[in-house]
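Please open the structure in your viewer and keep the selection tool at hand. Each stop below says what to select and what is there.

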Amino acid sequence: MAWSYPKVNEMLVAKEIKTLPASATTEYSSEITFLRVNDNLNKYIGFTFEASAVSGTNLDIALYGATSSGGTKSLLKDAIVADITDTTRVTGIVDINAYPMPYYYFAWTVDVN
């Protein structure tokens, strides 16, 4: 699925809906090209994740980056949010300037099948 951009209270909101993996593997979001690093500003990006169901006992979300579109992904920040155990909303904040990449991805891992 691709990112959509509904506007909420004059803020950019990017939304993507994904299906959790059926096994303990890592899967990635669609490529994120709308985040830009700016060395002159503190650019904190807030992320909200909401699971409609959790396989096993928990779900972890990490931030990956790549230097080219569709290129090899590198772990930038592990556990933006960790141990999502139910269907509540969980948020995380990242200073995107600390992780300069032209392309970003979220990765999620469930603990078991």
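**The whole chain**

Begin with a surface view: the chain exposes about 6900 Å², and carbon and sulfur atoms supply 49% of that area. What you are looking at is a predicted model.

Switch to a cartoon view. The chain has zero helices and eight strands, so read from one end to the other, with strands defined as DSSP runs, the pattern is β-β-β-β-β-β-β-β. Of the 113 residues, 31% count as buried. Among contacts between residues at least 6 apart in sequence, 72% join residues at least 24 apart.

**The four-stranded sheet**

Select strands 3, 8, 5 and 6. They form an open sheet in the order 3-8-5-6, with antiparallel pairing. Which strands stand at the edges? Strand 3 (26-28) and strand 6 (74-84) do; each has a single partner strand, so one side of each is left without a neighbour in the sheet. On average, neighbouring strands of this sheet are turned by 25 degrees against each other, direction ignored.

In general, strands of a sheet pair through backbone hydrogen bonds, either parallel or antiparallel.

**Strand 8 and its partners**

Now select strand 8, residues 103-110. Six of its eight residues are buried, so strand 8 is largely enclosed by the rest of the structure.

Add strand 5, residues 59-66: strands 5 and 8 pair in the antiparallel sense over eight bridges. Two places show how they line up. I61 stands opposite W108 in strand 8, and A66 stands opposite Y103 in strand 8.

Then add strand 3. Three bridges join strand 3 to strand 8, and the two run antiparallel. Here, T26 stands opposite T109 in strand 8.

**I61 and A79**

Select I61, in strand 5. Is I61 buried or exposed? At 5% relative accessibility, I61 counts as buried. Not counting residues up to four places away in sequence, I61 touches F49, A79, I80, V81, I84, F106, A107 and W108.

Take A79 from that list and select it next. A79 lies in strand 6. The C-alpha atoms of I61 and A79 are separated by 5.3 Å, although the two residues are 18 residues apart along the chain. A79 counts as partly exposed, at 34% relative accessibility. Look at the backbone here as well: phi of A79 is near 55 degrees, a positive value in a residue other than glycine.

**A82**

Stay in strand 6 and move on to A82. A82 is partly exposed, with a relative accessible area of 41%. Leaving aside its neighbours within four places in sequence, A82 is in contact with L59 and D60. From C-alpha to C-alpha, A82 and L59 are 6.6 Å apart in space, and they are 23 residues apart in sequence.

**An aromatic pair and a lysine**

Show the side chains of Y28 and Y64. The count of aromatic pairs comes to one. How do the rings of Y28 and Y64 meet? Their centres are 5.3 Å apart and their planes stand at 90 degrees, so the pair is edge-to-face. Y28 lies in strand 3 and Y64 in strand 5, so the pair ties together parts that are 36 residues apart in sequence.

Compare the cover of the two residues. Y28 counts as partly exposed, at 31% relative accessibility, whereas Y64 is buried, with a relative accessible area of 15%.

Add K73 to the selection. K73 lies over the face of Y28, at 4.9 Å from the ring centre. K73 also lies over the face of Y105, at 4.6 Å from the ring centre.

**Strands 4 and 7**

For the last stop, select strand 4, residues 44-50. In a regular strand the side chains alternate between the two faces of the sheet. Which residues of strand 4 point to one face and are buried? They are I45, F47 and F49, while Y44, G46, T48 and E50 point to the other face and are not buried.

Finish by adding strand 7, residues 89-95, which is joined to strand 4 by seven bridges and runs antiparallel to it. F49 stands opposite V90 in strand 7. F49 is also one of the residues that I61 touches.

Technical notes: Residues are numbered from 1 along each chain as its sequence is written. This is a predicted model: local features need pLDDT of at least 70, side-chain atom pairs count only at pLDDT 80 or more; totals for chains, interfaces and linings use all residues. Side-chain values use heavy atoms; hydrogens and water are left out. Two strands pair if DSSP finds at least two bridges between them. Axes are lines fitted to C-alpha atoms, for helices over the stretch in contact, and angles run from 0 to 180 degrees between N-to-C directions. Rings of Phe, Tyr and Trp (its six-membered ring) pair if their centres lie within 6.5 Å; planes under 30 degrees apart count as stacked, over 60 as edge-to-face and the rest as tilted. Buried means under 20% relative accessible area, exposed over 50%, partly exposed in between (1.4 Å probe, protein chains only). A charge sits over a ring if NZ of Lys or CZ of Arg is within 6 Å of the ring centre and within 35 degrees of the ring normal. Contact means heavy atoms within 4.5 Å. Accessible areas come from the Shrake-Rupley method with a 1.4 Å probe; for residues, only the protein chains shown count as cover.
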